[in-house]
Amino acid sequence: MSKIRVAVIGVGLVGSEFIKQLLSVRGSQFQLIALTSSTRTLFSPDTPITSSWKTQLSNSTENADVKSLTERLKALVTLTDKVVVVDNTSSDDIAALYPLWLSSGLHVITPNKKPFSGSYTLYEAILNASKSTGARYLNESTVGAGLPIISTLKDLVMTGDKVLKIEGVFSGTMSYIFNQYSTGSPDGPSFSSVVSEARQKGYTEPHPADDLNGFDVARKLTILSRTIAPSPSIYSFASVETASLIPPALEGIPTGDEFFARLPEFDAQFDAMRKEAAKEGKVLRFVGVVDPTKGEVKAGLEKYPTTHPFATSLGGSDNIIMFHTERYSPRPLIVQGAGAGAAVTAMGVLSDLFKLL
Ligand SMILES: NC(=O)C1=CN([C@@H]2O[C@H](COP(=O)(O)OP(=O)(O)OC[C@H]3O[C@@H](n4cnc5c(N)ncnc54)[C@H](OP(=O)(O)O)[C@@H]3O)[C@@H](O)[C@H]2O)C=CC1
Ligand SMILES: N[C@@H](CC=O)C(=O)O
Ligand code: NA
């Protein structure tokens, strides 16, 4: 039986859950052979990595060295056995290695948005490297976590449907925040307290400012645009028209902890926005739009009537994504459900691994 050998890079929230789910697949053709944290590498092609992986990794004497790991992984690729790198980091340095991995015949699976939403030069290098060897990259969890968003979009495009517009709530963090914060009532919990809850629930990016500045949504919109048709017209996610929620005084704060310490200073500012929306009979929701027909890609905070589906049907970290296409018109194809959190994100990553079988 041919094998798929799996090397995991990044063993944080999603990485740990992915390992747990992977190790519980019964009768598996998958063999976990390597782990890399930001400080340690464990390369173990012969001795199984087990549910005691944390101890195995911390007992490893090898410092983290992804380039040297890459060389060893390359040597394991055969005509029948695949080797896949699962990147569970949010690192740009790791993203820069995708062309090397793919051109070395290593498949790549990831929830990391950075490789696909950064510079078009990197994105093009990823596409070309994948084409040159046939090694695949799969990134379902980059948009809507485990929800079938990328696979649905690929199916629509591949079968000749024309995408007219994709719109929705693309951020689990923003969804959670505004579902709790803006319910149509002028009062409620403080803004900083609900952001803090979103972080505790594992919905936020490693630095929560990356959610609140809208960049996470801008990255997802870039990925969707490029999945419809690769084009340098969005040179990077920074070209997306994005309305940040970060008060100017908190821009550029280096750590999440410092950011949280100062966020309560701005609760009154957010409260005024909530009150204004409630006065109009509306709620606040952070939405994104990709409109290939108008060439428009944008993300920002909008007001919706309390009867709108974005107000009535979302709870928790739900994403809702509406695909308006030639075939799905005038009523869109809609995907909805939890769009952040370790369990559903790791499930999306594992489902990509099954696609390699
Ligand atoms: N949480 C969620 O709901 C979702 C997350 N994602 C994506 O999943 C990815 C992981 O998120 P999450 O698990 O929440 O974040 P975490 O911060 O919990 O995990 C990221 C891990 O990557 C490690 N890391 C960073 N750089 C390197 C490196 N160069 N080599 C090896 N390891 C490294 C970090 O180690 P250290 O802490 O030591 O720096 C950390 O353990 C991100 O790209 C995120 O955008 C996607 C969808 C949903
Ligand atoms: N921080 C992101 C995680 C998933 O992509 C979000 O809140 O949606
Ligand atoms: Na998804």
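**Exercise 1. Which residues surround ligand 2?**

Some ground rules come first. This is a predicted model, in which local features need pLDDT of at least 70 and side-chain atom pairs count only at pLDDT 80 or more, while totals for chains, interfaces and linings use all residues. Residues are numbered from 1 along each chain as its sequence is written, chains are lettered from A and ligands numbered from 1 in the order in which they are written, and side-chain values use heavy atoms, with hydrogens and water left out.

*Solution.*
- Apply the cut-off: a residue is near a molecule if one of its heavy atoms lies within 4 Å of it.
- Read off the shell of ligand 2: Lys113, Ser171, Gly172, Thr173, Tyr203, Thr204, Glu205, Asp211, Asp216, Lys220 and Gly339.
- Sort the shell by class: one nonpolar, five polar and five charged residues. (Ala, Val, Leu, Ile, Met, Phe, Trp, Tyr, Cys and Pro count as nonpolar, Asp, Glu, Lys and Arg as charged, the others, Gly among them, as polar.)
- Place the shell: α9 and α12 (215-228) each supply at least two of its residues. (Helices, H or I with at least four residues, and strands, E with at least two, are DSSP runs numbered from the N terminus.)

**Exercise 2. Find polar contacts of ligand 2, then its buried share.**

*Solution.*
- Look for pairs of N or O atoms within 3.5 Å.
- The side chain of Lys113 puts an N or O atom 2.7 Å from an oxygen atom of ligand 2.
- The side chain of Asp211 has one 2.7 Å from a nitrogen atom of ligand 2.
- For Lys220, a polar side-chain atom is 2.8 Å from an oxygen atom of ligand 2.
- Alone, ligand 2 exposes 250 Å², and the protein buries 93% of that. (Areas use the Shrake-Rupley method with a 1.4 Å probe.)

**Exercise 3. Describe the surroundings of ligand 1.**

*Solution.*
- Count the shell: 24 residues surround ligand 1, and the closest are Val14, Ser38, Thr89, Glu205 and Gly341.
- Split it by class: eight nonpolar, 14 polar and two charged.
- Check the backbone: an N or O atom of Gly12 lies 3.4 Å from an oxygen atom of ligand 1. A polar backbone atom of Gly202 is 3.1 Å from a nitrogen atom of this ligand.
- Check a side chain: a polar atom of Thr345 lies 3.5 Å from an oxygen atom of ligand 1.
- Alone, ligand 1 exposes 900 Å², of which the protein buries 75%.

**Exercise 4. Classify the ring pair of Tyr181 and Phe191.**

*Solution.*
- The whole structure holds 12 aromatic pairs. (Rings of Phe, Tyr and Trp, with its six-membered ring, pair if their centres lie within 6.5 Å; planes under 30 degrees apart count as stacked, over 60 as edge-to-face, the rest as tilted.)
- The centres of Tyr181 and Phe191 are 5.4 Å apart and the planes stand at 85 degrees, so this pair is edge-to-face.
- Tyr181 belongs to helix α9 (residues 172-181) and Phe191 to helix α10 (residues 191-200).

**Exercise 5. Locate two backbone features.**

*Solution.*
- The peptide bond from Ser329 to Pro330 is cis, with omega near 5 degrees. Pro330 lies in the loop between β12 (318-325) and β13 (333-338).
- Ala145 has phi near 45 degrees, a positive value in a residue other than glycine. Its loop runs between β7 (137-138) and α8 (150-158).

Definitions and conventions:
A polar contact is a pair of N or O atoms within 3.5 Å; within protein, one must be able to donate a hydrogen and the other to accept it, and residues adjacent in sequence count only if both atoms are side-chain atoms.
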